Amino acid sequence: MSFQQGLSGLNVAAKNLDAVGNNIANASTVGYKAARAEFADVYASAAGGVASNQVGIGANVAAVRQQFSQGNIITTQNSLDVAINGAGFFRLSNNGSISYSRNGQFSLDKDGYIVAHGGGRLTGYAADAFGKIVASTPTDLQISFTSLAPRATTDARLSLNLDSRAEVPAPAFDAIDPESYNASTAMTLYDSQGNAHALTLYFRKTAANEWDVHGALDGTAIGVGPIGSMSFDANGALAADVVLPLNVPLTNGADPLTFNLAFPAGRVTQFGVEFAVSTLQQDGYTTGRPSGFSIGADGTVLGRYTNGQSRALGQITLANFVNPQGLASKGGNQWVETSDSGQPVLGPPGVDRFGTVQSGALEEANVDLTEELVKMITAQRIYQANAQTIRTQDQIFQTLVNLR
């Protein structure tokens, strides 16, 4: 008599219950991937080959494989919670040791690095000093809390309409005499130290379709006479862009304010309606302190500053594998590369075969509790049935022993 079949059946049923119990226990673990026990039958080896009447000697556990299907996405109130919607893994570095995870519950450490549970740092592409992402070897992503340096204005442009019905003023131009010009507007410019300066522009009609532009910075006239002029055609349009290069010395110790003042054709008109300014644009800004950050669907970590500016601080890098099921679990909802998984392919979210990421969200475990409970009932019945085969074998064996 052989108890091998029943004993192996008990073992595989117990292993199946282990896998089911582990799935149920991790049903609320963020990013957890359900595991499935896979079994195979067992036959004794024979030198003469497999006989047509050979009976197997039971079953064994062929593998316990994790199922990397997509889990549900839930929203949270934490901007450092990040969910992957699609393929890919977060790449984590712990003192140079690389692991991979789908758990996007991140936080900041005392140095501003984005870290996962256990201290692994989230890695990605770094950004240069101008906020441009440099796709190279991934590095630890860090949120910088340093202030954003100021930028001097180098380009200023306006969109406006000058009233074609206006009369040519009689008095000579004088900034303090409103009767000597037809319209005016002001905009803020910034010097190399981030100081704000008020640029006032005065528009004076000199003839039909002809206008002079006068300027003053912080109440002081720029040069002598007009800084430029504009000519319109019979339809009230500029024939070409008017660009006025200006260089204004400053007395506060900053570099001279050197910039181009542009009146683009198509955005500056002379129609028979009231003077109106549509847009005032310039590329300078003052010093900005960090006010927050966000993570985009492409993984870009964008810092926001009190001066209204934003700048990329880095970009999350995702990893993908030819055979994700070949990854080895190391606990803490992390996996490591093996020869079966193949080498990781790295890239930004949303590109090629990588999924997108969602900030303020988490990916739930892909465990279906209903399915797991049904599997547990089935595994229990299989365990009971195998125990019954051992009991029956024992009864038969006892009968043989009792023969006289």
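How much space lies in the second largest pocket? I got about 170 Å³ for the second largest pocket.

Ground rules before I go on. This is a predicted model, where local features need pLDDT of at least 70 and side-chain atom pairs count only at pLDDT 80 or more, while totals for chains, interfaces and linings use all residues. Residues are numbered from 1 along each chain as its sequence is written, and side-chain values use heavy atoms, with hydrogens and water left out.

**Pockets**

I noted the pocket rule: on a 1 Å grid over the protein atoms alone, a pocket is an open set of points where a 1.4 Å probe fits, with protein on both sides within 12 Å along at least five of seven lines, and lining residues have an atom within 4 Å of a point. Volume is the space filled by probe spheres set on the points, which are joined across faces, edges and corners.

I went through the lining of the second largest pocket and found Asn22, Asn26, Thr29, Tyr32, Ala35, Gln66, Ser329, Gly331, Gly332, Asn333, Gln334 and Trp335. Strand 25 (328–331) and strand 26 (334–336) are the elements that give two or more residues to that lining. Strands here are DSSP runs of E, at least two residues, and helices are runs of H or I, at least four, both numbered from the N terminus. By class I get 3 nonpolar, 9 polar and no charged residues for the second largest pocket. For the classes, Ala, Val, Leu, Ile, Met, Phe, Trp, Tyr, Cys and Pro count as nonpolar, Asp, Glu, Lys and Arg as charged, and the others, Gly among them, as polar.

Then I turned to the largest pocket, which holds about 240 Å³ of space. I see 16 lining residues there, with Ala127, Asp128, Ser144, Ala312 and Leu313 nearest its centre. Which strand gives the most to this lining? Strand 23 does, with 3 residues. Strand 9 (121–127), strand 10 (133–140) and strand 23 (310–316) each put in at least two. The class split for the largest pocket is 8 nonpolar, 5 polar and 3 charged.

**Rings**

I counted 11 aromatic pairs. The rule takes rings of Phe, Tyr and Trp (its six-membered ring) with centres within 6.5 Å; planes under 30 degrees apart are stacked, over 60 edge-to-face, and the rest tilted.

I looked at Phe90 and Phe106, an edge-to-face pair with 5.1 Å between centres and 85° between planes. Phe90 sits in strand 5 (residues 89–94) and Phe106 in the loop between strand 6 (97–101) and strand 7 (107–108), so the pair ties together parts 16 residues apart in sequence. Buried or exposed, for Phe90? Phe90 is buried at 0% relative accessible area, and Phe106 is buried at 3%. My cut-offs: buried is under 20% relative accessible area, exposed over 50%, partly exposed in between (1.4 Å probe, protein chains only).

Next I checked Phe203 and Phe263: their ring centres are 6.2 Å apart and the planes meet at 85°, so I logged the pair as edge-to-face. Phe203 is in strand 13 (residues 196–207) and Phe263 in strand 18 (residues 257–263), so to speak distant parts of the chain, 60 residues apart. Both Phe203 and Phe263 are buried.

I also found a cluster in which ring pairs link Phe68, Phe89, Tyr100, Phe321 and Trp335. Trp335 had already turned up in the lining of the second largest pocket.

One charge over a ring: the charged end of Arg121 sits over Tyr113, 3.7 Å from the ring centre. The test wants NZ of Lys or CZ of Arg within 6 Å of the ring centre and within 35 degrees of the ring normal.

**Odds and ends**

I looked up Lys15, which lies in helix 1 (residues 4–25) and is partly exposed at 38%. Leaving aside neighbours within four places in sequence, Lys15 is in contact (heavy atoms within 4.5 Å) with Val61 and Val64.

Gly272 is in the loop between strand 19 (268–271) and strand 20 (276–282), partly exposed at 39% relative accessibility. With the same neighbours within four places set aside, Gly272 touches Asp163, Ser164 and Arg165.

Last, backbone angles. Asn95 has a positive phi of about 55° although it is not a glycine; I place Asn95 in the loop between strand 5 and strand 6, exposed at 81%. Asp218, not a glycine either, has a positive phi of about 55°. Asp218 is in the loop between strand 14 (210–217) and strand 15 (220–221) and counts as partly exposed at 44%.
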